Amino acid sequence: MIEYNSKVWFRHVINFRKVDTFRALLPEMSIVGIYTALMALVHETYLEQLAESQTYKNSMIVHSSLGFILSLLLVFRTNSAYDRWWEGRKLWGALVNSSRNLAIKINTLVPRSNQATREFFRVMIPNFAFTLKGHLRNDVRMDDLEDLEGIKERLEEKDHKPNHLIQEMYRQAKQLVDEKQISPEEQLIIDKELKSFADILGGCERILKTPIPFSYNIFLKKFIFFYILTLPLGFIAYFSYWAVPVSMFVFYVLVSLEIIAEEIEDPFGTDLNDLPTETISSNIRGNVVEIFES
């Protein structure tokens, strides 16, 4: 995730980052510019009388009307994508809170003489965060995890690794009750946080596995394509060859919004604008270690 100072905006405007949509769209913008220039050449050379026709000039009214509709669709598209990104951030924020709460409760309720159980949760709580991060990227890296009593070996055999870790922690909590290390009432306190782990996992999977409907996504792309394809017909009558930069700019604005929406609608990936799940997982590990050392 890119970190930046939102108050220093002018420097960001003139600084085209490597990830900026301007760089990504430069080849397509060049094609639109060449296409518009050729149309302007044909228009100025062979259709000069048509250019003076008021009926022809009024064709811009059609583009104005369609542009309004397109803007509404793009607003809906970007808002839907940002809602998914923000919901993902709230879920990972809830994971941070639940991890800290579980660590604090285990550290408080489990006697210090039971070092094995305390070490189990100290390792497993951060392991769940790293496993969830990898699960959402379809790439669980065992190097991210701390090993304890062969947990890595057992985990490699499982298809749904976050579920297995939650189950391991539930078994350990039940064992604490069976050994009378904690009371059934205290187990309910721990159960609340473990349940939140499962809820967070389900919420993240819902975002990941429910993309924007295909028909809507394709329709919007087709709308933008044909709108840009016919836009020079209206601009040339008013701007002549100046329609080239105008068409390129309109293309840049419309397609950039679509690209940004595509990037943030899956907030758990590795794009620079995705959620910093790697950093959040590392912070959880640091917080948990500090809690158990206190």
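Me: Before we look at the whole, I would like to place one residue: in which helix is Ile31?

Reply: Ile31 sits in helix H2, which covers residues 21-46. Please keep in mind from the start that this is a predicted model.

Me: Is Ile31 buried or exposed, and how should I read such a label?

Reply: The label rests on relative accessible area, where buried means under 20% and exposed means over 50%. Ile31 has 58% relative accessibility, so Ile31 counts as exposed. A residue may also be compared with another that is far along the chain: the C-alpha atoms of Ile31 and Met248 are separated by 8.9 Å, although their positions lie 217 residues apart in sequence terms.

Me: What secondary structure does the protein chain have overall?

Reply: The protein chain comes to 12 helices and zero strands, and so the order of elements from the N terminus reads α-α-α-α-α-α-α-α-α-α-α-α. Of its 294 residues, 42% count as buried. Among contacts between residues at least 6 apart in sequence, 77% join residues at least 24 apart.

Me: How can I check the length of a helix, and what does the check give for H10?

Reply: The expected span takes 1.5 Å times one less than the number of residues, and this is then set beside the distance between the end C-alpha atoms. Helix H10, residues 214-239, has 26 residues and should therefore span 38 Å, and its end C-alpha atoms are 37 Å apart, which agrees. H10 also has a kink of about 30 degrees at Thr230, shortly before the proline Pro232.

Me: What does the length check give for H11, and which of its residues are buried?

Reply: With 22 residues, H11 should span 32 Å, and its end C-alpha atoms are 32 Å apart, so the two values agree. The buried residues in H11 include Ala243, Val244, Ser247, Phe251, Tyr252 and Glu258.

Me: Glu258 carries a charged side chain in your list, so to which residue is Glu258 joined by a salt bridge?

Reply: In reading a salt bridge, one looks for a side-chain nitrogen of Lys or Arg within 4 Å of a carboxyl oxygen of Asp or Glu. The side chains of Glu258 and Arg77 meet in this way, at 3.3 Å from N to O. The pair links distant parts of the chain, with Glu258 in helix H11 (residues 243-264) and Arg77 in helix H5, 181 residues apart. Both Glu258 and Arg77 are buried, and they belong to a network of salt bridges that also links Lys221, Glu262 and Glu265.

Me: How many salt bridges does the structure hold, and where is another that links distant parts of the chain?

Reply: The structure holds 16 salt bridges. One of them joins the side chains of Lys105 and Glu193, at 2.5 Å from N to O. This pair also links distant parts of the chain, for Lys105 is in helix H5 and Glu193 is in helix H9 (residues 184-209), 88 residues apart. Glu193 has a relative accessible area of 5%, and therefore Glu193 is buried.

Me: Which labels do the two partners have in the salt bridge of Arg141 and Asp144?

Reply: The side chains of Arg141 and Asp144 meet at 3.2 Å, N to O. Arg141 counts as partly exposed because its relative accessibility is 37%, whereas Asp144 is buried because its relative accessible area is 14%.

Me: Which residues form a nonpolar patch on the surface?

Reply: Val62, Leu66, Phe68, Ile69 and Leu72 form such a patch, with about 470 Å² of accessible area together. Ile69 is found in helix H5, residues 60-109, and at 41% relative accessibility Ile69 counts as partly exposed. For the protein chain, the accessible surface comes to about 16700 Å², of which 60% belongs to carbon and sulfur atoms.

Me: Which residues that are not glycine have a positive phi?

Reply: Most residues other than glycine have a negative phi. Asn138 has a positive phi of about 60 degrees, and Asn138 lies in the loop between helix H6 (115-136) and helix H7 (151-156). With a relative accessible area of 73%, Asn138 is exposed. Lys180 likewise has a positive phi of about 60 degrees, and its place is in the loop between helix H8 (161-178) and H9. Lys180 is exposed, with a relative accessible area of 74%. There is also Ser240, which follows H10 and has a positive phi near 55 degrees.

How values were computed. Residues are numbered from 1 along each chain as its sequence is written. This is a predicted model: local features need pLDDT of at least 70, side-chain atom pairs count only at pLDDT 80 or more; totals for chains, interfaces and linings use all residues. Side-chain values use heavy atoms; hydrogens and water are left out. Helices (H or I, at least four residues) and strands (E, at least two) are DSSP runs, numbered from the N terminus. The bend at a residue is the angle between axes fitted to the seven residues ending there and the seven starting there. Buried means under 20% relative accessible area, exposed over 50%, partly exposed in between (1.4 Å probe, protein chains only). Contact means heavy atoms within 4.5 Å. Accessible areas come from the Shrake-Rupley method with a 1.4 Å probe; for residues, only the protein chains shown count as cover. Patches are made of residues with over 30% relative accessible area and no salt bridge: like charges are joined within 9 Å, nonpolar side chains (Val, Leu, Ile, Met, Phe, Trp, Tyr) within 5 Å.
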